Each structure stands twice: as C-alpha cells, then as structure tokens.
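User: I would like a close look at one part of this model, followed by an account of how its surroundings are built. Please keep it plain.

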Amino acid sequence: MRFLLVEDNISLATAVLDRLRMDGHVIDHAANIAAAEDFSATADYDLILLDIMLPDGDGRAFLRAHRNRLVETPVIVLTARSEVSDRVGMLDLGADDYITKPFDFSELEARCRAVLRRHGGDSSNQKRFGDLIFNPLAGTLSVGDKTITLRNKELRLLEIFLSGPDRIYSKPKLVDRLFSYDEDVSENAIEVYVGRLRKHLSGSGVEITTVRGLGYRMSLA
Amino acid sequence: MNEPLQTSGSLRRRLMLQLVGSAAFLATLLFFVVLGFARDVAQQTHDSILLASATSIMDSVSVQADEITVDIPYAALSMLGNVSNDRVFYRVSTRDDVLTGYENLPTTSQSVRSGHSAFDTLTYKGDSIRMVTSLRRLSLNSAPADIIISVAQTREGQAAQLAQLSRSAMQLGLGFFLVATILAIWAAQSSIRPLKQLTEAVSRRGPKDLRPVQRPVPSEMIPLVSSLNRFIGRLRVSLTRSEDFIAEAAHRVRTPLATVRTQAEITLRRVDRAENRASLREMIRAIDESSRAAGQLLDHAMVTFRIDSLERKAIDLTELGRELVDRLQPIAELKDIDLHFFGSGNPKITGDAILIQNAVRNILDNAIKYSPNESAIQVSTRQNGNTARIQVEDEAGGFVGMDTDALTQRFTRGENAAGTIGSGLGLTIAREVVEAHGGVLIIETSKTGTGACVSLCFPLH
C-alpha cells in the first residue's frame, strides 16, 4: 500500500517509515502541512496518516482543506490527546479514524484495513500466488471457484507468508506479529493457525512446510 | 463547589425595612403634628370665645353713683353654650370683693395688667377647666379700682372633640403608613430586579459558556459586572491554558513513547536471541502500560471536570452503542473476537454523550482485552420500563468473587487481570459517569456463566 505520513517528529517518522516499509508498504513523509499538501497534490495515496500538532499549523486545518478538495483518500489521525476531549471532533472534521500514540502496528494495520474496506477497497490489491487469489482487504481467499473468508489471524499469517515466499519464519517471530504483546501465548499456539491455513490452501498448489528447528516456509509445491 | 454561601442579610429586606421604618416614623410624626395642630386650633377657638364672653361681661360693668354694677348679658354665657354643653363658671370681683359669680373659682397665678387677659388651665371641683381672666381699671370714688372678670368652662366637649380629632389623625397616619409600605415593597422589588435578572442570565448559561456578560445593567452594578467579566476572562484564559498545557504535555510525552515503541517493534523483528526478545517484549509492555495509565488518568480528570458541569442532551443509546462497536471492531478482529451488537428500540437518555461513550468504551476495552482469542462479545441496548440499558457480555471468565463496589474502586483490578495491561481506572470512570447521570452500574456473571455481564442503566429521557 502507498502511505503518506504527516508527522513533524523526525525520529518517530523515521521509525514509522522503517516499520511500515518492513511490511512492504510504500510510504512518503511530510514534516509539515505545506509539504503534505505538495505530496498529496502530486501523488495518489491509499491512506494518509496525519499528526495533529504540526509546526506550521493544526493538522485539522489540513484535514478540512483536504476534504474541501473532495479528495477521496482516507485519513487516519494520529493523536496524543485525551480520549475524551478530542476524538469526536476529529471524526466531525472528516477523519476516517484515529489512533492514539503510542500505537500498536497491528492495530494501525487493522484500522487501515477497516478504513480501506469502508472506502470500497480495491481489487488491484489482490495478490496471486500459484492458484490462489488473496484479497487482504476483504479477507477472502479463492482457490479455483471456491472462495472462503479468513479469520483475522489466518489472514495476517497468510499476509506474512505472502510477503516473502520461500522465506523461513520462526515461531517466535510469528507469535510477535500475530498476538499482542500483553498476551502470554506459547509458541505452539502458532501451530493451530498454520494447521488451519494449510487446510484452506489444500488444492491450490501452495503449501506451508515445517522446517525442523527453524520455522515455517510457504512455497509452490 | 456548591456549598451554600453565608448570607449577611437580604438586600431587599434591608431596603424594605429601612423604607417601612422611615414610613412608620413619618406616619407617627404626622400623627403628632396633626394632633398638636388640631389641639392648638381648638384651644385658640375656645380661648377666643371665652375672651369674647369675658369682654362682653366687662362691657356690662359700669360705675353708677360710685357703685359698681354688673349686668351680665345673656349672650355672654350663651355663646359658650353654642360651643359645647360644658358647664360655664364666672366671677366678677374687685381686688377685695367678689361682686357676683362663683366665689371659690380659682384665681389666676399670672399678673394681669389692665386691658389685658390671661388664660389658665386649672382644676375646679375635680374637673379640668379653661379660664380667662380679664382686668379693667375703673375709677371709683376718684380712686382706681380693678375689676377682675374670670370666665371658665369645663373641657369635656373639647376632650371629646380632641379624641375625635386624634382618631382622624391616627387614621391619616395609618393610611399614610400603608401606602408608604406598599410603595416601599414595590421600590425594593424593582431595585432588586436588575440583580435578579443578571443572576438568571448568568445561571442560565451552558457549562462551557465563558463569554463576558453584556446585558445592560444599572450604573451601580457596573463595578460588580465588570469585576465578574474580568473574572470570567481570567477563568477562560486559565482553562484554555490548562487544556493547551494538557494537550501539549500529552503530545510531548506520547510522541517519544511512540518512537520508542516503534523502534522496539522493529528491533524485535530483527533480533533472534530469546533473552533479547524477552526484554524487548517487556519494554513494549511497559510502554503500553504507562501510556494507558497516563491516558486513563487524563480521561479520569476530564471525566471529573465534565461531570462537574454536566451537559444534558438527548442521546440515542442504540446509535451510541453501534458507533462504538464499529469503532472497536478492528481491535476485536485482531483477536478474532466476534463483536456483535444488538440494539432493540432506540432508548433515549439525557446526558453528556462524550462521557457516556467513554464509559461504555472503557467497559468494552476491558472486555476485548481480557477475552480469549476467538471468543464472543455481545453489546446490546434495550429499554426496560423506565430504564435504558446498554450491556456488554463477554466470555472472559468474569469477576469471580468480587462485588461491584470493590471492582469500581480506583486502581483495583479483577483477579484474572494479572498479565494484562490495565490501570484499574476503567470501571471507576464508568461507574462515576453512570452515577452522575442518575443511573447504576451492574456487574454480574453472564447468562452462560463463562464471563462477565456489565450493564450501564440510565433513567429514560
């Protein structure tokens, strides 16, 4: 996906850029409203992540101008404010959603997915691998003429595997990405989800193999 | 904040007392002045008739052949009878003899010169009398001789007349007092009215209305109103400043926390050694815990602030619940939790939507946080008699062996909370909000027995 991050704090922006690029997203960074307006005028983004307190003005002003230009690109506001005072105002101004700093990237991804899904999604986001067609927004997996809806953890697991076919993912890393940090889960919990995904993938020519002592790998049979 | 103020009397009562007091004083004064004047006039009239009578007797005194003769004219005494039916006494005497009349009629203590008269009020035979004494010097046997004529009349008629007059004066005074009292009440009311109107205008204001008072007021109230306006101004500035300060503080604390958390997540993706990974996980948990605690403390402060000046608007509980569920759906999905909403009817309540949303959100947040993966949470609204209820039912094990009171204490957490990030303020906030709206928070075990059922019950709109 293509993101625009509007955030004046350089170290946070750098970290967010690194983190989103890790998952294969394309992301531009604007440090102020002026730059954000330049970027959004010249490129098409799937989503804008907008900080509210910016050096050359309030992010809400950008939001209002953005909506007045009738741009469809959804906006998720990054706010540091209290839950009580600010949130409703953001949505009134045309933000599609908001997330409080510091944020969990799984939550950010989930919110992005939900927002994009609400905006009608985009079939160009479909991923093909072997005989399977995967639509991460709708959370559907099609093999031949059979389409099923994946549960969230299955979907995210499949996304991880699809982002690096033939690569080996260790159990601990998969636990990190599938479970929240305050859940104490054993690494074996991953086996359940891999098992389910294997069942869904049967007949697609795609298989997940166990690499003894290292983890799992998805590849074409 | 709403402690009753000490009163130092009432302005209206004081004004009224002063006005009525003055009226009473003036009425009394009026009574005495009128009475005194009437008495004087009566006295003077009586005196002049007495004098006329004495004069006419005096005129009838003559010296004939060195003999003093007195022929008292009928009119001299009958004119007194015209005034009242009081008894009349008279005496004609010289220095040595009583010529005619009542011998024992008292004599005046004043010295009277010839051609003049003196008036006295005396007692005669147990009655009060008014007496005139006239003197005239005649020549008798070539020697001067003083003829003294006293005419007296009892004063019962005059007393009756005075009693009548004083009754009239009393009525006049009372009438004056009554009219003055009515005017005083009216004056007190009308001079207090601008104060009342100002009070109403200020108390009718919404909790967020910090505009200066601009309605016209009487000039005496200008100093009060301008002090009030300066005070409102200072309050507005200080509120804005503290709101800005909180926002700025939150921004400054949370942005670096966000940086650290992101970096920790990135590093966690890169490192393989188990102990490093464990430390990083601990770090992320600590960050989440501190940011959540800071958030809830701020929320709690905001909630307390808003409760103090509660907004009262109509809220559709079903709409509010549905919005909230939509908003939290992505977080529930992360754990493959089936988050359902069932709204039956549109129960309307009165209150602060932001507060109620925050309260329900805290309950729902808790439910998601403590629920196992792939469980179900059901949020529902319904109307029950005079109560509107929104409830959150989960399969997270419930609050075993703890009651609502204990759970809603600040910083208390359920027994299964260990290992989950929380500050223990969520239920406290929810309870405070519900109770501020005149409702109750009920924590029960869910029908299936596998979790908790938290209900927020509000009185209907």
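Leaving aside its neighbours within four places in sequence, which residues is Tyr193(A) in contact with?

Analyst: This is a predicted model, and what follows describes that prediction. Once the neighbours within four places in sequence are set aside, Tyr193(A) is in contact with Lys153(A), Glu154(A), Leu157(A) and Leu178(A). Tyr193(A) itself belongs to helix 8 of chain A, which covers residues 189-201. One of its contacts, Leu178(A), is 15 residues away in sequence, and the C-alpha atoms of the two are 9.8 Å apart. Tyr193(A) has 19 C-beta neighbours inside 10 Å, and a residue needs 20 or more to be called buried, so Tyr193(A) counts as partly exposed.

A residue of chain A on the other side of that cut-off is Asp51(A). Asp51(A) is buried because 26 other C-beta atoms lie within 10 Å. Asp51(A) sits in strand 3 of chain A, residues 47-51. Apart from residues within four places in sequence, its contacts are Val6(A), Glu7(A), Asp8(A), Gly59(A) and Leu78(A). An unreviewed UniProt entry places the feature "modified residue: 4-aspartylphosphate" at Asp51(A).

Strand 3 leads to the sheet of chain A. In this open sheet, 5 strands follow the order 2-1-3-6-7, and the pairing is parallel. Strand 2 (26-30) and strand 7 of chain A stand at the edges with a single partner strand each, so one side of each has no neighbour in the sheet. From one strand to the next, the twist averages 20°. As background, the strands of a sheet pair through backbone hydrogen bonds, in either a parallel or an antiparallel way.

One pairing can be followed in detail. Strand 1 of chain A, residues 2-6, pairs with strand 3 of chain A in the parallel sense over 4 bridges. Val6(A) has Leu50(A), in strand 3 of chain A, as its bridge partner. Val6(A) is also one of the contacts of Asp51(A). Helix 1 of chain A, residues 10-22, lies across strand 1 and strand 2 of chain A, and runs at about 170° to strand 2.

Beyond the edge strand 7 (97-100) of chain A comes a loop that ends at helix 5 (105-118), and Pro102(A) lies in this loop. The peptide bond that joins Lys101(A) and Pro102(A) is cis, with omega about -10°. In general, most peptide bonds are trans, and most residues other than glycine have a negative phi.

Chain B has two residues to set beside the second half of that rule. Lys125(B) has a phi near 55°, which is positive although the residue is not glycine. Its place is the loop between strand 5 (117-124) and strand 6 (127-140) of chain B. Lys125(B) is exposed because its count of other C-beta atoms within 10 Å is 11. Asp336(B) also has a positive phi, near 50°, and is a residue other than glycine. Asp336(B) lies in the loop between helix 6 (317-334) and strand 9 (338-343) of chain B. With 17 other C-beta atoms within 10 Å, Asp336(B) is partly exposed.

Now the rest of chain B. It holds 9 helices and 14 strands. Of its 461 residues, 29% are buried. Among the contacts in chain B with a separation of 6 or more, 65% are between residues 24 or more positions apart.

The two chains meet in a contact that takes 39 residues from chain B and 36 residues from chain A. On the side of chain B that touches chain A, the elements giving two or more residues are helix 4 (222-270), helix 5 (274-308), helix 6 and helix 7 (353-370) of chain B. Helix 4 of chain B supplies the largest share of that side, 16 residues. Sorted by class, this side of chain B has 17 nonpolar, 11 polar and 11 charged residues.

Last come the nonpolar cores. The largest has 45 residues, of which Ala359(B), Leu364(B) and Ala430(B) touch the most other members. Helix 7 of chain B gives the most to this core, 10 residues. Not counting residues up to four places away in sequence, Ala359(B) touches Ile429(B), Ala430(B), Val433(B), Val434(B) and Leu456(B). A second, separate core has 38 residues, including Phe3(A), Ile33(A), Ile76(A) and Tyr181(A).

Definitions and conventions:
Residues numbered from 1 in each chain as written. Chains lettered and ligands numbered in written order. Predicted model: local features only at pLDDT ≥ 70, side-chain atom pairs only at ≥ 80, totals over all residues. Buried ≥ 20, exposed ≤ 12 C-beta atoms within 10 Å, placed from the backbone. Contact = placed C-beta atoms within 7 Å. UniProt positions renumbered as here; feature names shortened; annotations may be inferred. Nonpolar A, V, L, I, M, F, W, Y, C, P; charged D, E, K, R; others polar. Core = buried A, V, L, I, M, F, W, Y, C linked by C-beta atoms within 7 Å. Pairing = 2+ DSSP bridges. Axes fitted to C-alpha atoms, helices over the stretch in contact; angles between N-to-C directions.
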